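Reader: I am new to this structure. Could you take me through it in short questions and answers?

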Amino acid sequence: MENNENTEIKTTSADSAKESPETKTTAIGSKVVSSVEKASSAKTGNTLMYKIIIICLLCYVGYMHFDAYNKAKAVKAAEQAASAEAKQKDDADFTIEAEIFHKAKELCGQDLPVVMCSWSAPAYLKANGKEEGGRTDEESTLKKEYGRFVYEKFGQWWRRSLERYREVGIYPEYISIQNEPDCKADYSTMILTPTEQKNVAGYGKALDAVANEINKLDNPPKIIGADNIGIGWNQTQNYIKALNKNLLSGYGFHYYHSGYPYNDGDGRYYHPEDFKESMAQMAKDLNDKPLWMTENSQLRDRVPNDAIYTAHFI
């Protein structure tokens with residue numbers, strides 16, 4: 001009996017230690033279900049993440065389209081305003097200018113050359129939105145559209161202006177595209193550096209654009225340039241060497257500095273001898289075309305001896 005009891009006990013222990021096929025299958029099934037649930041959960045998480053990413057991308061694309069639409073709308077509005085302003089300028093009354101032009105031709109003869117010069121591009125083509133100069137060169141130059149200076153529009157404005165003047169019988173023999181492109185001032189002016197800078201338009205490119213447009217006219221006027229403010233420190237040469245000289249019929253300059261510092265300003269009007277050295281150098285460097293001194297003034301109230309000083313300069 002004792003041995004049988006022990007045997008039963010051992011047998012019972014052995015049977016307890018063995019797993020039935022049903023139990024093993026249930027355990028395996030639990031693991032499979034657990035793995036499937038984890039995989040399903042991960043897939044659900046990934047799907048949700050993809051949906052979020054897609055939604056974000058759609059929102060971004062929608063924003064970009066909306067932003068581009070607003071920008072295009074703003075540009076169109078600006079162009080319409082500029083067109084209206086340009087038309088207003090084109091419709092200006094040039095009766096007085098026509099009278100002066102024809103009277104000058106009558107008194108001095110038809111051979112009297114007339115030079116037409118722009119002091120500034122119209123306000124809608126300027127960086128500061130004004131014909132007057134700004135505080136900096138960047139504010140006083142041509143504006144940019146789509147990252148580029150509006151040279152073509154500047155040239156078109158010049159062509160339209162000449163067409164409008166021709167309607168009242170004004171045919172200038174010469175033009176100068178910009179008065180004193182190196183002078184920053186609070187009156188009508190525009191800065192054009194010899195070559196284009198990052199935020200300042202270049203005289204050479206502006207000249208190219210104007211020449212391209214006015215050559216569409218019958219018998220277009222000739223061009224002189226660069227009409228810079230003075231001849232000191234090779235200023236005229238610096239502009240001329242940076243442009244296409246084939247577009248010019250003469251080199252224009254002003255006499256407001258000579259490079260001789262002691263008498264510049266008001267004093268230089270009484271000392272024309274200060275200009276001799278700079279003038280001789282300019283005549284040497286720019287000897288392939290006529291030189292035009294297109295402007296000089298005492299920059300003060302007139303006095304009786306001004307005629308003598310002017311003759312002295314000449």
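Reader: Is Arg 135 buried or exposed?
Author: This is a predicted model, and the answer rests on computed accessibility. Exposed means over 50% relative accessible area. Arg 135 has 69%, so Arg 135 is exposed.

Reader: Which residue meets Arg 135 in a salt bridge?
Author: Side chains of opposite charge can pair when their charged atoms come close. The N to O distance for this pair is 3.2 Å. The partner is partly exposed, at 25% relative accessibility. The side chain that meets Arg 135 is that of Glu 139.

Reader: How many salt bridges does a search of the whole structure find?
Author: The pair of Arg 135 and Glu 139 is one salt bridge. Lys 205 and Glu 196 form one as well, at 3.5 Å, N to O. The search of the whole structure finds 12.

Reader: Are Lys 205 and Glu 196 buried or partly exposed?
Author: Buried means under 20% relative accessible area, and exposed means over 50%. Lys 205 has 44%. Glu 196 has 36%. Lys 205 counts as partly exposed, and Glu 196 is also partly exposed.

Reader: Where do Glu 163 and Arg 159 lie?
Author: The two form a salt bridge, with the closest N and O atoms 3.4 Å apart. They are 4 residues apart, about one turn of the helix. Both lie in helix 5.

Reader: Which of these two is buried, Glu 163 or Arg 159?
Author: The cut-off for buried is under 20%. Glu 163 is at 32%, so Glu 163 counts as partly exposed. The other residue has a relative accessible area of 19%. The buried one is therefore Arg 159.

Reader: Which residues are linked with Arg 159 and Glu 163 in a network of salt bridges?
Author: Arg 159 and Glu 163 bridge to each other. The network holds two further names. They are Glu 213 and Lys 216.

Reader: What span does helix 5 reach from its first C-alpha to its last?
Author: Helix 5 has 17 residues. At 1.5 Å a residue, 24 Å is expected. The model comes close to that, with a reach of 25 Å.

Reader: Which residue with positive phi follows helix 5?
Author: Helix 5 covers residues 151–167. The residue in question has a phi near 85°. That residue is Gly 169.

Reader: Which element gives the largest share of the largest nonpolar core?
Author: In soluble globular proteins, nonpolar side chains tend to be buried together. This core has 46 residues, and Leu 142, Phe 154, Trp 158 and Tyr 203 are among those that touch the most other members. Elements that give two or more residues include helix 3, helix 5 and strand 5. The largest share, 7 residues, comes from helix 6.

Reader: Which threonine is in contact with Tyr 203?
Author: Leave aside neighbours within four places in sequence. Tyr 203 then contacts Ile 177, Leu 192 and Tyr 239, among others. The threonine in contact with Tyr 203 is Thr 193.

Reader: Which backbone oxygen lies 2.7 Å from the side chain of Thr 193?
Author: Thr 193 sits in the loop between strand 4 and helix 6. At 16% relative accessibility, Thr 193 counts as buried. A polar atom of the Thr 193 side chain lies 2.7 Å from the backbone oxygen of Thr 195.

Reader: What is the relative accessibility of Asn 228?
Author: Asn 228 is in strand 5. Contacts beyond four places in sequence include Glu 180, Asp 182, Gln 235 and His 254. A polar atom of the Asn 228 side chain lies 2.6 Å from the backbone oxygen of Gly 230. Asn 228 counts as buried because its relative accessibility is 0%.

Reader: How far apart in space are Met 293 and Gly 252?
Author: Met 293 lies in strand 7, and touches Phe 253 and Tyr 255. In sequence, Met 293 and Gly 252 are 41 residues apart. In space, C-alpha to C-alpha, the distance is 5.8 Å.

Reader: How many disulfides does a search of the whole structure find?
Author: Two cysteines can be placed by accessibility. Cys 108 is exposed at 54%, and Cys 117 is partly exposed at 29%. A disulfide needs two cysteine sulfur atoms within 2.5 Å. The number found in the whole structure is 0.

Definitions and conventions:
Residues numbered from 1 in each chain as written. Predicted model: local features only at pLDDT ≥ 70, side-chain atom pairs only at ≥ 80, totals over all residues. Heavy atoms only, no water. Buried < 20%, exposed > 50% of the residue type's maximum accessible area, 1.4 Å probe, protein only. Polar contact = N/O pair within 3.5 Å; in protein donor to acceptor, adjacent residues only side chain to side chain. Salt bridge = Lys/Arg side-chain N within 4 Å of Asp/Glu carboxyl O. Expected span 1.5 Å × (residues − 1). Core = buried A, V, L, I, M, F, W, Y, C linked by side-chain atoms within 4.5 Å. Contact = heavy atoms within 4.5 Å.
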